[in-house]
Structure formats: C-alpha cells, structure tokens
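User: Hello! I am new to this structure and would like to get to know it through a few questions. Could you walk me through it?

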Amino acid sequence: MVRDIDIDRTFCLSGMLNFTRYMFKHKTGMRFVVGNHHHKICNALDKVVRGEIKRLIINIAPRYGKAIDVNTPMLTTKGWKKAEDVQVGDYLFGRNGKPTRVAARYPQGITDAYQVNFSDGSSLITCGEHIWALNHKDLSRKDHFTFKQVRKTKDLIGTLISNDGHKMWHIPMCDPLKLEERGLPLDPYLLGCWLGDGSSAQAEITTMDGEIIKRFSGFNPSIRGHQNSGRAVIYGLRGGFLTRLKALGVLKNKHIPMAYILASENQRLALLQGLCDTDGTCNRKSHQTSYCSTNNRLLADVKLLLSSLGIFYTEYRNSLFFRSRKCPFTIERKRRLWRPATNKHFTKRFISSIERVADRSTICFTVDADDHLYLAGKDLIVTHNTELVSKNFIAYGLALNPRSKFIHLSYSDDLVLDNSKEINETVQSDYYQRLFPEVVVESKNAKKWYTSVGGGLYAVSAAGQVTGFGAGQVDDPYRERREMGDFIPAWESDFAGAIVIDDPIKPEDALSETIRERVNNRFESTIRNRVNSRHTPIIIIMQRLHEHDLCGYLQEIEPEEWTVLSMPCIWHDENGREQPLWDFKHTLEELHKIEKSNSFVFETQYMQNPKPLEGLMYGEFKTYDIIPYTASMKRKNYTDTADTGSDYLCSICYTETPIGNFVTDILYTQKPMEYTEPATAEMLSRNKTEICHIESNNGGRSFGRNVEAQCRIMGNNFTSFCPFTQTDNKRVRIFTRSNEVQNLVYFPTGWEHKWPEFASHVKSYRKQQEFNNHDDAEDALTGVIEKRGYFDNGEDLDKEDLGIW
C-alpha cells in the first residue's frame with residue numbers, strides 16, 4: 001500500500017500533465033483526454049516551476065462545458081428544435097424575451113448529468129459544470145437586482161434548503177417574448193374561445209355569455225341547441241370557420257398552433273383571454289386566476305403560452321394558477337374580480353431539488369445576449385451560456401511546496417471565489433490527501449485561505465468596480481494591497497508560488513478603452529508594484545479580446561520579458577492543412593460555422609489574433625461559384641517571389657474578364673525554391689495559364705527561367721513567361737489600388753478555407769504599415785490589378801508576352 005502511494009506521488013510530482021491526469025481521474029472517475037495543447041500548456045508551466053520562465057502569457061479560445069441534454073427542446077424563432085439540432089445562426093430567446101442569435105455551439109459528447117427540478121414543476125437536465133445565473137432568497141426583497149450570483153449545478157447540491165426549510169436559490173423569470181405581429185388564419189381570441197368551449201370535431205361553440213358570441217358575429221352564429229338546463233346555447237359557425245380550423249390542424253386535435261406561440265405579445269394575450277373567458281375563473285377572495293382543462297396537450301400548450309408572456313404559474317392536477325399584470329379576461333363578470341399582480345406576489349422559480357441521472361450526450365451554446373442568458377426547455381427556463389492553469393496548477397504548486405503562496409485574479413469576484421473554493425476542496429479531498437498529507441488547509445474562506453505552514457491562496461477580482469458579476473468599489477484599497485502583499489511568493493531557489501491571472505476582463509468590456517485602461521492600470525498598481533522580486537512568476541491565461549488588452553499592453557511595453565504561448569483554435573500542419581486545436585471538443589466544420597457567424601470575434605477570441613474593427617485595408621471580398629462567360633477571357637498568373645528568407649512567395653492564377661479577375665488558384669508559402677519552383681510550374685500547368693507575369697526583382701528572373709524549364713518538361717508549351725522589374729513603391733501601390741482590388745477581384749466561394757494563410761493575412765492587413773508583418777499577398781493582389789488590360793483575340797504581343805527574356 002505504501003509503495004502504491006509512493007508510486008502515485010512520484011507520478012504526480014513528475015510534471016503538471018501527470019498531476020492533472022491523476023486528479024481528473026479520481027475527481028470524475030473518467031480518463032482525462034489529452035490534446036496537443038495540453039502538452040504545450042503543461043510544458044510551459046513545468047518551466048515556470050523550474051524557474052526557466054518568470055512571465056508567461058497563455059492565449060487560448062473560450063472554455064466550454066456549460067452543457068444541457070441534447071434532447072432538451074429549445075424554442076427558436078422558427079419553432080421547437082432539439083438542442084442538438086440548434087445551429088449557429090439560429091435564434092433562441094434571451095431572458096429579456098428578445099430573440100438572441102446562437103454565436104457558437106459545442107457538442108460535449110457523453111458527460112455527467114443532473115436533473116434540476118423547480119418549484120413550479122418544471123425541470124432541466126444539465127451537466128455538473130453547467131453554470132446558472134441565480135439569486136439568493138435573502139436578496140429577493142430588493143426592488144431591483146441583477147442575477148449576478150453564478151453557481152455550477154454540482155455546487156448547488158446540498159445548498160438548496162435553508163435551516164428553516166425554505167428554498168434558497170431562484171432563477172430569473174423570462175420577460176414576455178418580443179415578437180412581431182403576424183398574419184394568422186383565425187383571430188387569436190376566437191381561437192382561444194373555441195379551444196375552450198368549442199366542439200372538437202365541428203364548427204360549434206357552447207356558451208352562456210353574450211359578450212363572447214358577439215365576437216363571433218363575422219361567422220354568422222346560429223342556435224343549434226341548448227345545454228345546462230337551457231342556460232348554455234350551442235351555436236353553429238359558418239363563413240369559413242370550419243375551413244380555418246382544418247387549416248390550423250386543430251379539428252379533432254385541440255392544441256395551440258406554433259404560429260400563435262410565435263405571434264406578438266398582444267396576439268398571445270388575446271389568445272389567453274379567449275381561453276380564460278371560457279375555461280378560466282378568478283377567485284373572489286384571492287383574485288388569483290385559474291385555468292382548467294382535461295386535455296393534457298392543450299394544458300401543456302397553455303403552460304407554454306403563459307411562460308411566453310412572462311407569467312409565473314403553479315400547477316395542481318389539471319389546473320394552472322397564476323397572477324398577471326395584464327388582465328386575462330374580457331368578459332365583465334370575470335374582469336371585475338381580477339386584480340393585477342404586484343411585487344408582493346410570489347412569482348419566483350426556485351430550485352427545489354437536483355437528482356443525478358444517467359450520463360448522456362450534452363451540448364452548450366454561446367449566444368449574443370449581453371447577459372449570456374437564454375431560454376431552454378418546454379417551460380422556457382433561463383440558463384447560462386458556454387481550468388487547467390487556474391485550478392490544477394495551484395493545487396500542483398502546493399503539492400510541490402506547501403509553503404507556496406498564490407494570488408489568483410479574474411474579472412469577477414464570483415468566478416474567482418468559485419475557483420478558490422474548488423481548489424480548496426481539491427486540496428482537502430481524500431485522493432489529494434492520500435498523496436500529500438503534509439498540505440493541511442486551516443481555512444475554508446474562499447477569499448483567502450492558508451496552509452498550516454504559511455502557504456495559501458488569495459483570490460480577488462482583477463478589475464474592482466469596473467467589471468464582473470457583483471463587482472463594486474473596494475471598501476479599503478490599502479487593506480486589499482496589504483492582504484495581497486501577505487501572499488506575494490518569496491522566491492529564493494525552490495518553487496514558492498505564483499500570481500495567476502485568469503481572464504482579467506470580460507469580452508463585452510474589452511471594446512471599452514476606459515475599462516481596458518482600468519484593468520491595465522490595476523495590474524501596474526496592485527500587482528507589479530507589489531512584486532519585489534523579479535523571480536516571482538506571473539501567469540496570465542486569457543482569450544485575446546483586443547489589440548490593447550492586458551496581453552497586448554504587456555507585450556507592447558516589455559516584449560522581451562514575456563513568454564507567449566498562443567494557441568489558435570485552428571492551426572496548420574507542415575503541409576498547410578487546417579487542423580482543429582482539439583477535435584475532441586470541436587471539429588473544423590463547427591469552428592468554421594463560428595467564424596462565419598462573427599469573423600471579428602472568431603479572429604480575436606478563437607484565433608488569438610486581435611484586429612481592429614476599423615483601419616483594415618480591405619473589407620469583404622466578392623466571391624463566385626461559376627466564372628461567368630464573356631467574349632474576352634484569358635488565363636493569367638501573377639507571381640511575387642520571396643525577397644528575403646522570411647517573406648512569402650505568392651503566386652496567383654486567375655481568369656481575366658471584362659467583369660473582373662476571377663482567382664482560380666494560389667500558392668502562398670515560405671518554403672525554399674526547391675519546393676516553390678516545381679510547385680509553381682505544376683499550378684500553372686494545371687490551370688492552363690496563358691500568361692505568367694513574374695517580378696524579376698531579387699532573383700525573380702532566375703526563378704522564372706527555372707519555372708519555365710519545369711513547365712516545358714511537363715509538356716506545358718502554352719504558358720508565356722513575362723518577367724518585369726517592379727520599381728514603384730510597394731506600400732503606395734497597395735494603398736492606391738486597394739479599391740480596385742476590392743471591386744475587381746473575385747474569389748471562389750470558401751476561399752478562406754482553401755487558402756487559409758493567404759486569407760488570414762489579406763483580411764487582417766492594416767492601412768497603418770507598422771502593424772503589418774508581411775505584405776506579399778497584398779503585393780500580388782495589387783499586381784493582378786496592375787496587369788489587367790482589355791484585349792481581343794487578335795491583340796499584338798510584345799517580347800514579354802512571347803516570353804523572350
């Protein structure tokens with residue numbers, strides 16, 4: 001037994017990755033799936049431990065894992081879809097009731113699963129890591145509040161009920177869905193009345209209320225009989241009423257068609273009024289509305305209708321009880337009993353229980369809503385949308401040296417305290433203590449806790465009042481600095497801790513110069529000024545959000561001090577083929593859907609290549625599926641050879657027409673001439689190029705001769721080679737011809753994926769030259785325009801056209 005412990009301990013202490021594998025397996029019971037990026041991150045952290053890296057920046061795409069069951073029904077603007085069928089570009093609904101676009105989707109594979117049950121009888125299945133936006137019952141008396149507390153599903157277990165038996169956590173109710181008025185086959189009020197008191201198989205309605213039957217005057221109601229001792233009259237309806245019922249599919253199948261659920265708020269209210277005028281009542285004493293139906297499908301539809309109007313309800317047997325701010329009745333005898341809901345009425349959806357259920361496939365989403373919330377499930381439950389370094393590294397550091405001191409910062413107090421709590425729980429877990437019993441934690445305070453030998457963790461927001469859930473002005477900034485000073489690692493020779501900064505700014509705040517500067521200044525005043533030893537490691541892990549975010553700021557002022565590990569979600573192998581960062585989490589197809597939905601966010605947050613929203617040389621390029629036929633067409637090529645070892649060769653094949661230049665092939669590479677010469681010859685032959693213009697500057701003439709020789713060996717005798725010397729200023733040429741490039745160059749659909757490196761450089765090229773590392777692609781595109789000329793089949797060819805060198 002002792003030997004097994006020694007082996008496991010040695011395994012964990014041999015490196016960050018092995019420590020992570022062991023802890024993950026014992027924490028979750030599952031194997032840790034290792035990606036190439038895990039190796040890179042852990043290797044860098046191991047160098048931090050060994051003292052080889054003192055300042056480390058890790059740029060990686062947003063984290064995933066906030067998942068729901070793939071079979072969860074999701075209400076979109078086009079109707080119901082299973083969660084697994086929701087695609088990027090679909091519109092869900094946000095907490096404010098407005099449609100919110102799905103920016104990204106992340107299938108999670110098989111994960112753990114929990115059924116979260118609510119006080120109104122609704123439920124939702126999520127993974128244990130799913131994040132909820134919550135409020136505590138002690139805060140619910142405030143007139144105005146935001147749902148700023150963030151908790152994971154698994155962390156809520158055991159905290160749902162207070163000592164006095166009250167439920168502790170509730171989620172926000174959604175506002176009424178904001179939708180446009182739409183043309184409907186049948187007036188919503190009349191449909192509601194028929195669903196309540198109409199004959200399921202006929203165009204008839206039975207009622208004792210003259211106010212109701214007057215609303216049907218357009219359908220020529222006629223008496224067909226009586227019920228209830230003659231008080232209720234059966235009316236037959238004509239004028240196309242039966243035809244409309246058939247068109248809606250409700251005849252012999254009473255339910256609320258989806259078109260009415262997705263109608264405007266006023267139309268949905270009218271539908272509810274028709275239902276309540278017929279099958280609803282209002283209590284004389286409590287003034288509470290109730291709706292009753294023995295039709296289970298119709299009852300379920302009315303629950304959805306109430307939720308779509310932002311109305312909280314409770315269910316008992318076949319009845320729904322609710323209060324509303326707008327009257328659900330139109331007939332006088334019921335209206336006079338009704339009273340509007342007020343803030344004192346109980347309208348909160350509390351979490352009543354959480355049950356572990358069988359593991360299953362889950363998925364998570366990112367939506368464009370400001371609060372990241374969207375509605376899920378048949379009951380429109382508000383849920384939150386889409387840790388290696390911040391959690392495991394600190395636990396690993398304490399295993400290496402229990403005296404290690406860590407400062408952990410993030411943009412939000414709630415999130416950083418949640419991380420601190422989880423690290424504390426890991427260190428005190430049985431599987432950790434089995435190997436490292438010397439790491440004894442003396443406190444469970446999430447903000448700061450100590451080990452018995454003086455180590456510990458201090459967790460605090462990285463931005464004070466500026467960003468984050470529940471962030472506010474620090475009561476005593478000097479006290480905070482003193483407390484933080486107590487946790488500055490005192491490095492001598494062995495590892496003694498680090499400062500770990502995880503996502504110091506929220507994505508939505510990164511475009512604010514004021515907030516960016518506040519975060520950067522806080523780093524200078526609170527972190528750098530408190531670090532007396534240059535040996536103290538500082539680790540920043542974040543997705544890039546802006547050119548001048550904290551990572552950009554630090555690289556601008558001290559580029560030599562920081563080791564940067566940048567991991568774009570798509571990288572290129574040695575053959576130039578695209579590869580996903582971790583296909584276990586997301587495929588290339590999924591990543592490209594994210595890119596298509598928002599290229600700026602994708603390039604910045606996912607590719608770690610922040611670019612300005614303005615100041616780019618080019619906008620969107622024109623694309624084509626088929627080159628249009630014109631009387632004058634010629635296949636051409638423009639080649640710009642590499643001037644220096646770091647430059648790119650850029651060779652563009654295109655078909656020139658009076659309409660524009662249609663790009664057919666591109667060779668864009670930094671490989672040596674041994675590769676580029678035959679590759680260029682092969683591309684020219686494959687595209688049946690007639691004229692090839694080659695810049696003869698800096699070895700271009702020799703390159704052209706060799707490519708021509710390769711073509712002739714291949715049997716290509718139709719390509720004429722035209723070398724020329726380019727003497728004009730490159731920057732001026734690119735700038736002055738940029739509009740022509742934009743207007744006259746057409747790329748094939750999907751060109752960004754066909755030539756990704758070329759596309760990346762062209763689409764991010766700046767008007768301010770100092771921001772550009774390369775201009776070879778832009779130079780060649782400009783040349784394609786410069787060599788453009790109208791022609792006919794009888795044009796005269798000069799020496800260059802004939803390939804006479």
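Analyst: Happy to. Let us begin with one term: a residue counts as buried when its relative accessible area is under 20%, as exposed when it is over 50%, and as partly exposed in between. Please keep in mind that this is a predicted model.

User: Which residues of helix α7 are buried?

Analyst: Helix α7 spans residues 241–248. Its opposite face, turned away from the buried side, carries the exposed residues T243, K246 and A247. The buried residues of α7 are F241, L245 and L248.

User: What arc do those buried residues cover around the axis of α7?

Analyst: An α-helix has 3.6 residues a turn, so residues three or four places apart point the same way. The buried residues F241, L245 and L248 lie on the same side of α7, because the arc they cover around the axis is only 65°.

User: Let us turn to the sheets. What is the strand order in the open sheet of seven strands?

Analyst: The pairing in this sheet is mixed. Its edge strands are β22 (448–450) and β26 (563–567), each pairing on one side only. Neighbouring strands are turned by 10° against each other on average, direction ignored. Read across the sheet, the order is β22-β23-β21-β24-β25-β1-β26.

User: Which residue in β24 is the bridge partner of S410?

Analyst: Strand β21 covers residues 405–410 and strand β24 covers residues 497–502. The two pair in the parallel sense over six bridges. Within β24, the bridge partner of S410 is D502.

User: Is D503 buried or exposed?

Analyst: D503 is found in the loop between β24 and α16 (513–527). Its phi is near 50°, a positive value in a residue other than glycine. The relative accessible area of D503 is 13%, and the cut-off for a buried residue is under 20%. D503 is therefore buried.

User: And L511, is that residue buried or exposed?

Analyst: L511 also lies in the loop between β24 and α16. Its C-alpha atom is separated by 8.0 Å from that of L545, 34 residues apart along the chain. With a relative accessible area of 51%, set against the cut-off of over 50%, L511 is exposed.

User: How many Å apart in space are L400 and G497?

Analyst: L400 has its place in helix α12 (residues 388–400). At 31% relative accessibility, L400 counts as partly exposed. In sequence, L400 and G497 are 97 residues apart. In space, C-alpha to C-alpha, the separation is 9.6 Å.

User: Which strands stand at the edges of the open sheet of three strands?

Analyst: The order in this sheet is β11-β13-β12, with antiparallel pairing. Neighbouring strands here are turned by 25° against each other on average, direction ignored. Each edge strand has a single partner strand, so one side of each is left without a neighbour in the sheet. The edge strands are β11 (204–207) and β12 (222–227).

User: Which residue in β13 stands opposite E204?

Analyst: Strand β13 covers residues 232–236. Four bridges join β11 to β13, and the two strands run antiparallel. Opposite E204 in β13 stands G236.

User: Which residue takes a positive phi in the hairpin of β14 and β15?

Analyst: Three bridges join strand β14 (residues 280–282) to strand β15 (residues 289–292), which run antiparallel. C282 stands opposite T289 in β15. The hairpin has six residues between the strands, and the residue with a positive phi, near 60°, is H287.

User: Which residue in β17 stands opposite S290?

Analyst: β15 also pairs with strand β17 (residues 319–322). This pairing is in the antiparallel sense, over four bridges. Opposite S290 in β17 stands F321.

User: How many charged residues are in the lining of the second largest cavity?

Analyst: About 40 Å³ of space lies in this cavity. Its lining is made up of G619, E620, F621, T623, W751, E752 and K763. By class, the lining has two nonpolar and two polar residues, and the number of charged residues is three.

Terms used
Residues are numbered from 1 along each chain as its sequence is written. This is a predicted model: local features need pLDDT of at least 70, side-chain atom pairs count only at pLDDT 80 or more; totals for chains, interfaces and linings use all residues. Side-chain values use heavy atoms; hydrogens and water are left out. Two strands pair if DSSP finds at least two bridges between them. Axes are lines fitted to C-alpha atoms, for helices over the stretch in contact, and angles run from 0 to 180 degrees between N-to-C directions. On a 1 Å grid over the protein atoms alone, a cavity is a set of points where a 1.4 Å probe fits but cannot get out, and a pocket is an open set with protein on both sides within 12 Å along at least five of seven lines; lining residues have an atom within 4 Å of a point. Grid points are joined across faces, edges and corners, and a volume is the space filled by probe spheres set on the points. Ala, Val, Leu, Ile, Met, Phe, Trp, Tyr, Cys and Pro count as nonpolar, Asp, Glu, Lys and Arg as charged, and the others, Gly among them, as polar. Buried means under 20% relative accessible area, exposed over 50%, partly exposed in between (1.4 Å probe, protein chains only). The arc is that of the directions from the helix axis to the C-beta atoms.
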